[in-house]
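Okay, quick one from me today. Have a look at this on the screen, and then I'll walk you through a sheet and some ring contacts.

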Amino acid sequence: MATSGAGEGYSSLNGVVSETEHKIMTDLPAELLEYILCFPVLKHVDICNVSCSCKRLHDVCHGRGKVWGHQYKLRWPRLQKHYRQNECCDWLKEYRTRHTVGLQIRQTVVSISKRFFTEVPCVGQVLGDSFAEIESLGAPEHFCEDELLSILNSDRRKSLTLKYYAKKILYFLRQQNILRSLKMFLEQPAEQQSALEGAVLVDQYCNPLADVSLDGISSQLEEITDKVKKMLRMKNSSHPSLRVTQGDCFAVEDFELERQVVVALNAVLYEQLQYKGNECDYYNPLNSYIHQVLLRRTGIPISLSVLYMTLARKLGVQLEPVNFPNHFLLRWCQHQRGSGDIYDFVYIDAFGKGKQLTAKECEYLIGHQVTADYYSAISTTEVLLRMVGNLLNIGKRGEGNEKSYQLLRDSLDLYLTINPDNVQYLLLQARLYFHLGIWPEKVLDILQHIQALDPSQHGAVGYLVQHTLEHIQHKKHPVEPEVKRRSAPEHVEVQYSVGLIMKHKRSGYNCVIYGWDPKCTMSQEWITTMRVHQLSSGAKQPFYNVLVQDGTCRYAAQENLEPHSAPLEIAHPEVGRYFSEFHDSHYVANEELQTRYPEDMAETLGTVRNLYHRLTPSSGQASGQQESLKGPGGSSQDQKSQENQEAMPM
């Protein structure tokens, strides 16, 4: 950026010859230098080099200036919501901290893959030591979350193992934050607790990766409230509820005015917006999540009641929740407030399109008589216990797959946060963890708590303590995983290899192979139940562990499988546990799976070459493919990510 004359001098307009002027970059005003150094093509390494070149540029690139602020915002745009507009802070320090946290997070994610490949991953058990180091940095939690989101939002087909564990860590971290919020919510006075806020916290905990917020849910309810007001205005333009603004605490005192609100609410909710009770799929957990109720416009009695009660209160009508057996209801006082007579109330069935019932008609609803206690209003805490109890029952009714176990774990966590001394559910939590073989140290803590609460449980507690201690001892001496080489004589009949996309000849499902046995290793009972003896080669043929497109894991006979004619990605949640990359026609095994099947990837490449003609020996692609198998997690993308995270030259 230097300029000079062609000779010794030049003539000015008045004829006077001036000396040559030399301009250099550092002579420019600081504002212009900042503008130049904020060009998008310049990265943090360039700014570091520029700031080291001279004192002038070092001063321009000071930590609180625009240059480092621009670099920070350019690299991590999601973090801007955590800063006030035009906030002055040490951007260089923020950049360094965020960069260091990013490196630490990636190291943690990679280490989890190596340590827990053979076990059921329990992230809370895994993260203790690793996150102690991150916490020692004193960095805000949103730095950790931002790095995990960066991993998850990278190339869809790459770094699958890194994404698999990053997702689990993000799930765990968000749940811990939600539990803290729930505990603060429960500490509030009962009259300040909102059933809607509690329902949102339950929803967030069970769906921590979904975009669910109290503000977002409240905004949707305001839209419904506006529709009700519009309906109300057509019936009574002077109705006091029309003057209520968002956040106002207001109650309609006149019964006729209340009735007008309820009629308008029913018309909008059930006729105009077509909300209804989900009778066809009653035990779907989505019916209990308030954001799904708003999205699908269907739910179960308690979730629809929370929605109905919140809307009514926004319009000045005070309804109370009733913990009626088998069918949650709301009650609406028709006489003097504070009455204890159950016949002074009308009972509203939000599941039944807002139908109004007498006390006697409520008994017809469930088919038997109940005592007056069941007609009483309950607290927000009791509403949450009923809501979480429904999810618990759905989890217990599940099919024993990962999805139902996760729902059971989440609902137990919530229930025991609200009611920590419930011995029945504490014992269920201990048994669940023991059954899944995870977190034995926590199982012992739970059992100790149970024994202190109820010594009569010593039989069940003693049994679980004994076997949990055996599990801990067993973990101290882990068995080395079996290495299966295709070249071994006993494996000569194995035709397929890990990573191949297959199709089941009989069932028609698509799947990917992640393991195999030279012959069926299941129990005789399983073999009989699955009618393996009816196969032409029976149980003595190779069997394959496969991840199926529908999210299940299956054990398939070789004669029932064939390579897929047009292989596509398999949308299974466990794919990242075994594979690091999807490569057009097959999956690339990660480092841990390659250790178990060391000769399979070469076989997979040969099969792909023969079947799909994607690779030719002379093209050099085969060697390039082999290169992609190297490095942590078996993925070249992992290497690239690591290069991008190199230490900053500061």
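So, four strands make an open antiparallel sheet, in the order S5-S6-S7-S8; strands here are DSSP E runs of at least two residues, helices are H or I runs of at least four, both numbered from the N terminus, and two strands pair if DSSP finds at least two bridges between them. This is a predicted model, where local features need pLDDT of at least 70, side-chain atom pairs count only at pLDDT 80 or more, and totals for chains, interfaces and linings use all residues. Residues are numbered from 1 along each chain as its sequence is written, and side-chain values use heavy atoms, with hydrogens and water left out.

At the edges sit S5 (320–322) and S8 (355–357), each pairing on one side only. In the middle, S6 (329–333) and S7 (345–349) pair over four bridges, and Arg-331 has Tyr-347 in S7 as its bridge partner.

Arg-331 shows up again: its charged end sits over the ring of Phe-345, 3.9 Å from the centre. The rule there is CZ of Arg or NZ of Lys within 6 Å of the ring centre and within 35 degrees of the ring normal.

And Tyr-347? Its ring centre is 5.3 Å from that of Tyr-375, with the planes at 65 degrees, so the pair is edge-to-face. Ring pairs (Phe, Tyr, or the six-membered ring of Trp) need centres within 6.5 Å; planes under 30 degrees apart are stacked, over 60 edge-to-face, the rest tilted. Tyr-347 is in S7 and Tyr-375 in the loop between H14 and H15 (380–396), so the pair ties together parts 28 residues apart in sequence. Both tyrosines, Tyr-347 and Tyr-375, are buried, meaning under 20% relative accessible area with a 1.4 Å probe, protein chains only.

Methods. Buried < 20%, exposed > 50% of the residue type's maximum accessible area, 1.4 Å probe, protein only.
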